[in-house]
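Here are a few notes on the charged side chains, jotted down while going through the model. Have a look at the structure first, then read on.

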Amino acid sequence: MAKKTRKQAGGTPATVALTAAGTPFTVHEYAHDPASPSYGEEAAEALGVSPDRVFKTLVADVDGALTVAVVPVAGRLDLKALAAAVGGKRAAMADPAAAERTTGYVRGGISPLGQRKRLPTVLDASASRHETICVSAGRRGLEVELAPADLAGLTGAVLAPIGRL
């Protein structure tokens, strides 16, 4: 696992956004296996980090509006809780092509940071139990570690219990 400091990390819209904001972060790079069945679990294992500290970025459709959900890779997204967190009634997973087109990232590498179009974001409340969490840095095999409060601040995220085991 290669660690890079903030100054060395430029390259993805996520790391550029973090650098521009002056937010402290660490980039972790690992060799991505295209055959891996779970990008998030692969990242946790490769980084030697507990799966409850590695968060996956999912894009859902809440009442016709794309919404970002950031939940631990160890669990699943509760779509009803996500809808409630943003004042909606119904949520379903977004079409992958629409998620990629709107965020500017490819599936498995969607970051909650530096998206092409800023979407409403909900961060699972469990993130606040950790000093730092890891999220995609904008491509498969690249994670960024930062404080949950910094992630919430930069994305305008609402904290809510949207993950379930």
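1. In which helix is Arg101 found? Arg101 sits in helix α4, which covers residues 96–103. Keep in mind that this is a predicted model. With a relative accessibility of 53%, Arg101 counts as exposed. Its C-alpha atom is 9.3 Å from that of Lys117, a residue 16 positions away along the chain.

2. On to the charge pairs. Side chains of opposite charge can pair when their charged atoms come close. Searching the whole structure turns up two salt bridges.

3. One of them joins Glu29 and Arg139, with 2.7 Å between the closest N and O atoms. Glu29 belongs to strand β2 (residues 26–29) and Arg139 to strand β8 (residues 133–139), so this contact ties together parts that lie 110 residues apart in sequence. As for exposure, Glu29 is partly exposed at 23% relative accessible area, and Arg139 is also partly exposed, at 36%.

4. Glu145 and Arg53 form a salt bridge too, at 3.1 Å from N to O. Here a strand meets a loop: Glu145 is in β9 (residues 142–146), while Arg53 is in the loop between α2 (39–47) and β3 (55–62). The two residues are 92 apart, and the pair links distant parts of the chain.

5. Are the partners in that pair buried or partly exposed? Glu145 has a relative accessible area of 18%, so it counts as buried, the cut-off being under 20%. Arg53, at 22%, is partly exposed.

Definitions and conventions: Residues numbered from 1 in each chain as written. Predicted model: local features only at pLDDT ≥ 70, side-chain atom pairs only at ≥ 80, totals over all residues. Heavy atoms only, no water. Salt bridge = Lys/Arg side-chain N within 4 Å of Asp/Glu carboxyl O. Helix = DSSP H or I, 4+ residues; strand = E, 2+ residues; numbered from the N terminus. Buried < 20%, exposed > 50% of the residue type's maximum accessible area, 1.4 Å probe, protein only.
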